[in-house]
Each structure stands twice: as C-alpha cells, then as structure tokens.
Amino acid sequence: MQPSGDRPIIVSFRLEHLLGWGLTFFLCLVPVIFWVQMHPLSTIHGFPAIMLNLGRVTGLVGMVMYALNLVYATRLRFLETLFGGLNRVYIAHHLLGGLALIFLTLHPLFLALRYIQVSVLQASLLLIPNGLTPISALFDTKAEIHTEVLAQWAIFFGIIAFWGMVGLLLVTFFIKIPYHLWLFTHKFLGLAFFIGGLHVLFIASDTSKNGPMKYYILTMTAIGIIAFIYRSIIGRIMIRHYTYNVVSIETVAGNVTHVNMQPTKDLMPYKPGQFVFVRFLQPGTESISKEWHPFTISSAPKDPYLRLSVKGLGDYTNSIAQLKAGAIADIEGAYGKFTYTNFKNKNQIWVAGGIGITPFLSMAKSLPENDYVVDLYYSARTASELIDWEMFKEIGGLKEGRFRVFPFIADQQEGFLSADYVEKQSLTLKDKDIFICGPPPMMASMRKQFRDKLVPGTSIHSEEFGMS
C-alpha cells in the first residue's frame, strides 16, 4: 500500500539500536581512512592501479568484518546492550559474515585482475601456491631470495585463508547440511582467520608501510582470534552455566512438549520472555544431540521450576519428547530484551503466532496485579493447537479486564490475523507498546501493518532470532 501524499512521516528510533551498528560502521571505516591518507584518489590512474587498490581496500575491510563477526558470536553481555538484544547481535553477526565473504572474495580477485591485461597465467598464480622453496631461504635473512620466498609464503597464507574462509562461509550461508556438521565446520573459522592474520603480518603491503594501519589491523585480528578462543575454549570455563534435572515431560496441543526442570544447585535468574541455550546430557538422552540449542523460557521467574516449551519442527525438536525424567540439562543464559519489564509503557498489546506464544506464557504469569493493561492476541491454525488456554483465561479472570485474551483460529476465520483486527478489538493502537512473536513472515507482516497504521517503530518489539 503506497502512502498518501498527506500522510504524516514518523521518524522513530531507539539509541540502543544505533550504537552497535554505528560502532561497527566506524571500525570498518578506519582502514579505509588510513588507505585514503596513503593513496589519495587523485593519484590512482589506470586499470592495474585501480584493481590493486580495490584489492587492498576489500582485504582490509574484509578482515575487520571477519574479526567483528567472531566477536559478535561470543554472546558477551555488553553486545546485548549495544544492539538492543542478542537477536539483533546475531543479525549483525550474519550480515557481517555475508559481507566479509564478499569482500574477502573480491580481495584476491581484484589483485589478480591487475595482471589480466598482461598475462592470464600471472593473474592465476596469485590464487595458486607457488615459489615456496627453498624453505631454508625463508628463515635465512641473508639468503639472496629470502625476500621473494617470504613474500610467496605470505601470499600462500593468504590463499589458504581465502579458500578456507570462503568455503566455511559458503557452508554457513548457502549449503544446507545437518546442524551438528554445520557446528563442526564453525570450529575452523578461527583457524582460517588466524592464517589470514599471518598473511597480513608478513605480506609487503600498506599494512607493512603504515604503522597505524599495521597496528590497527593486527589489533583487530588479535581481537577476532581472542573472541574465537573465548567462545570455543575458554568460554566453557568462564561462562556461567546452570545445571538442572528434568523432572517431568508433558506433550500438549500442537505437538508441543513442556520440559519441566529443577536446579541441582543455583537457580538461574531470568526475566519473563527471555531465552536460554541448552543441551541435554546423560542419562536418558541417548537419541538427542548434545549440541546447544536456543529455547524460550515459558515458566515465570517466581515458579519453583524452569519450563521450556518446544514444538516439534525437525529432528532435534521432535526428539525432545523422548526425554526422560532424570536427564541433565546444561543451561547458559538467560538472554534477550523481549520482555514487558524493559519498557515503561504499561499499556501493551501482545501478538502471538503458534509456538510464538512461549514468551507470553512466562510474561502473563509474571504480570503485577494492577500495573499493566494488556491485550493478548493468540493466533493458531485450529483451536486444538492452543497451548495453556485455560491458564490464560484464569489470569484474565483474575485481572478483571486488565488482561484480555483474543484467540484467532485460522480455520474459523477468513484470512490471517491483522492489525485491522487488533485495532478493532483493542479500540486503539495509540500510545501502546506492541510485542510480536511468531513465524518470521507473520512478524514481518504484522510489523509492516502496524507501521502503516502510524505506530512508531520504537513501540513495536519482536525477537527475530537467528543462530550462527
């Protein structure tokens, strides 16, 4: 729908959503600033010079993007503050991974293209290891060909890093493989990046000629390597984990399994609507992968147990129903900003689609007695797929009109849940915060519909979570 000519324009943003991206853009821009100082654009003439400098810039920026990509995978708490939620951190992680793939692919291609007018063979040799021997000359600084062999080894490290990073990023973004194999390939991202760092360290280039540039790129490379080591090795010791025992399993409507757990020692603090990373260990989990998976908490912080509600959508989530009492849950968290407690406005609308009801289960059970006025819209394909419906009705009765629940059953309605329907039932959307959780297409559609009704973007909250 195109806006009319007299439609008011609403510009709204949250500072926390700009901090992370602003810092990211600045860190990626720094090497470009250094490069422009070394090579003013007015001095670059001819096809070979243009290709050479494009290769330099894409390589420098690609390394910074790759380093930040590794940092954003650490789940460090300050990143949530910078971006406004871990889901937004992972969005940045994925986008930077894709951009790093593009820039690091262009880097050697531009460098090779500078020779294409002279010799295809010479251009190709930049992408194929050659001239690495004799190895003795690599370590003998007095050897006549020491400089040449050192340069070839630097190029060799770059080639290995290039093909390694490109291969791993292609698996990440374009090739569908089983989750455990995908996770295994990620363990080599740090190694490929380290080899790329060796290329930067030894190659005769802008980084070797400009001190500030060299130290900046090496610092970013070191930060990326440290981030990878922290996440894959040190994090197992330093990151706080909580151990829970599975006490009961309950399969409910819509192929959803409630997993109820109690702590073996310390209770994990969390806010309603947050999520955790969990892996289930022996005993009783022989058929379940031991890899980490994210799930939203459906219990309330005041409950004596921790509950996860998992819908069977694939091999792993379907296997959750096979858990037995006594299984051990290793839990990391809690994460996320998707909770009513993070926003001052106490007039709210909650919109859930399917298993997207999970965070609202926790939030509904945690609502204070009289502070909030909430309308919950719960969309499901059939009435039999509604989860904990009686609980919602009971809470609604106790709140005496301050918590209303509107079921939207798709097979009993024409079309899908819409902002028009919400506005009609709630009478107005003005001055209300709106929370949306459900399938990504549904969230995108509802967000657009609410924006078309002039709801500020700062008043619409969702958690489009993506794993790395």
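A residue counts as buried when its relative accessible area is under 20%. Cys437 meets this cut-off, because its relative accessible area is 14%. Cys28 is also buried, at a relative accessible area of 9%. The structure holds zero disulfides.

The model is predicted. Its chain has a mean pLDDT of 84. A pLDDT of 70 or more is reached by 86% of the residues. Residues 1-12 stay under 50 in pLDDT. For this stretch, the model has 12 contacts beyond four places in sequence.

The chain has 468 residues, and 49% of them count as buried. Its secondary structure comprises 16 helices and 11 strands. Among contacts with a separation of 6 or more, 73% come from residues 24 or more positions apart. The exposed area of the chain is about 22,900 Å². Carbon and sulfur atoms supply 64% of that area.

Five strands form an open sheet with parallel pairing. Their order is β9-β8-β7-β10-β11. The edges are held by β9 and β11, the latter spanning residues 460-462. Each edge strand has a single partner, so one side of each lacks a neighbour in the sheet. On average, neighbouring strands of this sheet are turned by 15° against each other, direction ignored.

Within the sheet, strand β7 covers residues 347-353 and strand β8 covers residues 373-380. The two run parallel and are joined by seven bridges. Trp350 has Leu376 of β8 as its bridge partner.

A helix lies across part of this sheet. Helix α16, residues 440-452, lies across β7, β10 and β11. Strand β10 spans residues 433-437, and α16 runs at about 160° to β10.

Ser418 lies in a loop that follows the edge strand β9. This loop runs between β9 (403-409) and α15 (419-426). Ser418 touches Met446 and Gln449, leaving aside residues up to four places away in sequence. Is Ser418 buried or exposed? Its relative accessible area is 18%, so Ser418 is buried. The cut-off for that class is under 20%.

Technical notes. Residues are numbered from 1 along each chain as its sequence is written. This is a predicted model: local features need pLDDT of at least 70, side-chain atom pairs count only at pLDDT 80 or more; totals for chains, interfaces and linings use all residues. Side-chain values use heavy atoms; hydrogens and water are left out. Helices (H or I, at least four residues) and strands (E, at least two) are DSSP runs, numbered from the N terminus. Buried means under 20% relative accessible area, exposed over 50%, partly exposed in between (1.4 Å probe, protein chains only). Contact means heavy atoms within 4.5 Å. A disulfide is a pair of cysteine sulfur atoms within 2.5 Å. Two strands pair if DSSP finds at least two bridges between them. Axes are lines fitted to C-alpha atoms, for helices over the stretch in contact, and angles run from 0 to 180 degrees between N-to-C directions. pLDDT is the predictor's confidence in each residue, from 0 to 100. Accessible areas come from the Shrake-Rupley method with a 1.4 Å probe; for residues, only the protein chains shown count as cover.
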